[in-house]
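Okay, thanks for having me, everyone. I'll keep this short, so let's get the picture up on the screen.

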Amino acid sequence: VLWVGRLNANKDPLTVLAGVSAALGKLPQLQLWCCFGSAPLLPMVKARIDHAPELRDRVHLLGRVPHAHVEQLMRAADLFVLGSHRESTSFAAIEALATGLTPVVTDIPSLRALTGNGSVGKLWPCGDWGALSVALSSAAAELTPNTRATVRAHFYAELSSAALGRKLAAAYDEIAAPVAT
């Protein structure tokens, strides 16, 4: 499982750690890799890991990594997790979708839009580590050899430059169309 985002209250890494911990019963091989820049909650995250023996060898705090390495991690991971309470958009989630990485993200408007209302990946309520645990287990159980292709197809159909261009052109056409009186 890959995390890419700040370690702050909005991204809610402590809930993600609790959900990962709870998911270990069904996913005993789970490993969480965390890429982050700004990390005001890093001391709390480290304390949570240090006080949870089941997490010590499973959570890897990578810190800031070069963008090319993030892409490699996305291609190597099975699932992408975010605990955001709010986002205008999430470049990390968009990049995950572009690489075919299955998202397990919070059920907020921007992430709902990026995942097609959860048509790819899983959505879970903000702050609910139990729901995250279930979502991780469910997403892992549903992975198939075709999952990455399905996620990438969603990206190309809905989020690629060509798809966004078509959507913007359609919106412009709708606005610019003469109004019948």
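I'll walk through the cores, then the cavity and the pockets, and finish with a couple of individual residues.

One thing before we start: this is a predicted model. Please keep that in mind for everything that follows.

Let's begin with the inside. In soluble globular proteins, nonpolar side chains tend to be buried together. Here, the largest nonpolar core has 27 residues. The members that touch the most others in that core are V16, L32, L55, V104 and L136. As for where the core comes from, at least two residues each are supplied by helix 1 (13–23), strand 2 (32–35), helix 2 (42–50), strand 4 (79–81) and helix 7 (129–141). There's also a second core, separate from that one, with 23 residues. F80, L82, L101 and V151 are among them.

Let me zoom in on L55 for a second. Which residues is L55 in contact with, if we leave aside neighbours within four places in sequence? The list is L17, V20, S21, L24, R48 and I49.

Now for the empty space. How many cavities of 30 Å³ or more does the count come to? Just 1, and the space in the largest cavity is about 40 Å³. Its lining is made up of W3, L7, P13, V16, L17, L32, C34, V45 and L61. Helix 1 and strand 2 are the elements that give two or more residues to that lining, with helix 1 providing the largest share, 3 residues. And by class, the cavity lining comes out as 9 nonpolar, no polar and no charged. You'll have spotted V16 and L32 in there; they line the cavity, and they were also on my list for the largest core.

On to the pockets, which are open. The largest pocket has a volume of about 450 Å³. There are 21 residues lining the largest pocket, and V4, G5, R6, G37 and A92 are the closest to its centre. Helix 4 (67–76) and helix 5 (91–98) are the elements giving two or more residues to this lining, and the largest share, 3 residues, is from helix 5. What does the lining of the largest pocket look like by class? It has 9 nonpolar, 7 polar and 5 charged residues.

The second largest pocket comes in at about 250 Å³. It has 14 lining residues, and nearest its centre you find V1, L30, Q31, D78 and L79. That lining divides into 11 nonpolar, 2 polar and 1 charged.

Okay, last bit: some individual residues. N10 sits in the loop between strand 1 (2–4) and helix 1. Is N10 buried or exposed? Buried, because its relative accessible area is 15%, and the cut-off for buried is under 20%. Not counting residues up to four places away in sequence, N10 touches G83, S84, H85 and R86.

And then the aromatics. The structure holds 1 aromatic pair. F155 and Y156 make up that pair, and the arrangement is edge-to-face, at 5.2 Å centre to centre with 75° between the planes. F155 has a relative accessibility of 11%, so F155 counts as buried too.

That's my tour. Happy to rotate the model if anyone wants to look at something again.

Methods: Residues are numbered from 1 along each chain as its sequence is written. This is a predicted model: local features need pLDDT of at least 70, side-chain atom pairs count only at pLDDT 80 or more; totals for chains, interfaces and linings use all residues. Side-chain values use heavy atoms; hydrogens and water are left out. Rings of Phe, Tyr and Trp (its six-membered ring) pair if their centres lie within 6.5 Å; planes under 30 degrees apart count as stacked, over 60 as edge-to-face and the rest as tilted. Buried means under 20% relative accessible area, exposed over 50%, partly exposed in between (1.4 Å probe, protein chains only). On a 1 Å grid over the protein atoms alone, a cavity is a set of points where a 1.4 Å probe fits but cannot get out, and a pocket is an open set with protein on both sides within 12 Å along at least five of seven lines; lining residues have an atom within 4 Å of a point. Grid points are joined across faces, edges and corners, and a volume is the space filled by probe spheres set on the points. Helices (H or I, at least four residues) and strands (E, at least two) are DSSP runs, numbered from the N terminus. Ala, Val, Leu, Ile, Met, Phe, Trp, Tyr, Cys and Pro count as nonpolar, Asp, Glu, Lys and Arg as charged, and the others, Gly among them, as polar. A nonpolar core is a set of buried Ala, Val, Leu, Ile, Met, Phe, Trp, Tyr and Cys residues joined through side-chain atoms within 4.5 Å. Contact means heavy atoms within 4.5 Å.
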